[in-house]
Amino acid sequence: MKEPVVIVGAGLAGLRAAALLQANGISCRVLEARDRVGGRVLSMGAKAMPELGRFDLGPTWYWPDHEPVITDLVKELGLPTIEQHTSGAMLFEQSQSGPIQRHALPEGAVERSMRLAGGIQSLIDAIADSLPSGTIELNTRVTAIQLDDQVTIEAEEFNGKKMSIRAEAVILALPPRIVADRIDFSPSLPVDVLASLRDKPTWMAGQAKAVAVYERPFWREEGLSGQVTSWAGPLQEIHDASPENGFGALFGFFGIPAKIRQELGEEQIHMLVLEQLTRLFGLMAKKPIALLYKDWSGDPETAVKEDLPPLTSFPDYGLPAGVSSWENKIVFAGTETAPGHGGHLEGALLSAERAASVVMKLAEELK
């Protein structure tokens, strides 16, 4: 190929596609609007206490019994893993004033899942570190893509500097709605393609997560797994997120809609989370040594306004409808475009493999 392949988005799908292409001798440039790699993968620690480790505020698990791609990649990269703690009773609450029910689940009731010891970010970092220096360009937002004999990408850096990049092909490793909403195409994408992109809800875009970190996982001493199902909220689902360094952690997904979270504000959200954790786990839960929070609905590189209403069913993911007018010069990747496991890390990796194979076939044809 005379020109590089440009990959838009430095999330898991974009970075993995770049690694696969580089391994096959195809030069890449990865353009990322954020000031970090990872996309919706975000593993954070408390700024003043790095010894706590990192905790996932984006995707957290993978399931080795039926997700072979990520399982094999984690082994290949030698990343340490933690089996999700599920032993002990789970809690169930129907209201803030009602009794908290305790249920002992039968053995094998919870499917085995794994976390990464350094957070899912450690997978992102390992892939990014495998790429040649300078491959990833942060703070670079793609604004337009034009197709003639080649592809021309228009982008703007954080400082306002504009650039025009020639490419043999472009891989769009972004949420489909972000593609439809933020990038101008010439010629225009077919109407059915744009409709299909807008019809794919961005996974996690309407969600938020909170992680409370403690000196130790004290709930285990009470025979609890840390798992909770709640109709009272604000967290509707809670799990043990403890690292293996002795500290304890609980994380939860919110049940209250994005619009209400935004109206409440972060300080009020923190207060409600701690009230619920104290209600469920006792006074030891009232004062964590760190409380982390991420509302993805307020992340402009993740969510558009159509993503704010809560999902009522699992989205129908997969490739958008026909892109023939672009002659395989534009390739879609990302977990919402995956042939299976859409919404999961496995789906992101499957989409990266497919996108890389399309580009490698194009490279063969250009020889």
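# A tour of the cavity, the pocket and the aromatic pairs

The lining of the largest cavity comprises twelve nonpolar, nine polar and four charged residues. The model is a predicted one. To find this cavity in the viewer, select Gly-11, Leu-12, Gly-38, Arg-40 and Thr-335, which lie nearest its centre among the 25 lining residues. Two elements, H1 and helix H8 (345-366), each give two or more residues to that lining. The volume of the largest cavity is about 310 Å³, and a search of the whole structure finds one cavity of 30 Å³ or more.

Next, select helix H1, residues 12-23. From first C-alpha to last, its twelve residues reach 16 Å, close to the 16 Å expected at 1.5 Å a residue. Colour the helix by accessibility: ten of the twelve residues are buried, including Leu-12, Leu-15, Arg-16 and Leu-20. Continue just past the end of H1 to Gly-25, where phi is positive, at about 80 degrees.

Move now to the largest pocket, which holds about 810 Å³ of space. Select Trp-203, Met-204, Gln-207, Phe-253 and Leu-311; of the 35 lining residues, these are the closest to the pocket centre. Then display strand S17 (235-240), strand S18 (248-254) and helix H6 (258-264), each of which supplies at least two residues of the lining. Classified by residue type, the lining of this pocket has 19 nonpolar, ten polar and six charged residues.

The aromatic side chains come next. Twelve aromatic pairs are found in a search of the whole structure. Select Trp-61 and Phe-251: their ring centres are 5.4 Å apart and their planes meet at 50 degrees, so the pair is tilted. Trp-61 belongs to the loop between strand S4 (55-56) and helix H2 (68-77), while Phe-251 belongs to strand S18, so the pair ties together parts that are 190 residues apart in sequence. Both Trp-61 and Phe-251 are buried. For another pair, select Phe-218 and Trp-219, whose ring centres are 5.0 Å apart with planes at 75 degrees, so this pair is edge-to-face. Phe-218 and Trp-219 are likewise buried.

Return to Phe-251 and add Trp-61, Trp-63 and Phe-253 to the selection; ring pairs link these four residues into a cluster. Add Lys-209 as well, which lies over the face of Phe-251 at 4.2 Å from the ring centre.

The last stop is Lys-294 with Trp-296. Here the charged end of Lys-294 sits over the ring of Trp-296, 4.8 Å from the centre of that ring.

Definitions and conventions:
Residues are numbered from 1 along each chain as its sequence is written. This is a predicted model: local features need pLDDT of at least 70, side-chain atom pairs count only at pLDDT 80 or more; totals for chains, interfaces and linings use all residues. Side-chain values use heavy atoms; hydrogens and water are left out. Helices (H or I, at least four residues) and strands (E, at least two) are DSSP runs, numbered from the N terminus. The expected span of a helix is 1.5 Å times one less than its number of residues. Buried means under 20% relative accessible area, exposed over 50%, partly exposed in between (1.4 Å probe, protein chains only). On a 1 Å grid over the protein atoms alone, a cavity is a set of points where a 1.4 Å probe fits but cannot get out, and a pocket is an open set with protein on both sides within 12 Å along at least five of seven lines; lining residues have an atom within 4 Å of a point. Grid points are joined across faces, edges and corners, and a volume is the space filled by probe spheres set on the points. Ala, Val, Leu, Ile, Met, Phe, Trp, Tyr, Cys and Pro count as nonpolar, Asp, Glu, Lys and Arg as charged, and the others, Gly among them, as polar. Rings of Phe, Tyr and Trp (its six-membered ring) pair if their centres lie within 6.5 Å; planes under 30 degrees apart count as stacked, over 60 as edge-to-face and the rest as tilted. A charge sits over a ring if NZ of Lys or CZ of Arg is within 6 Å of the ring centre and within 35 degrees of the ring normal.
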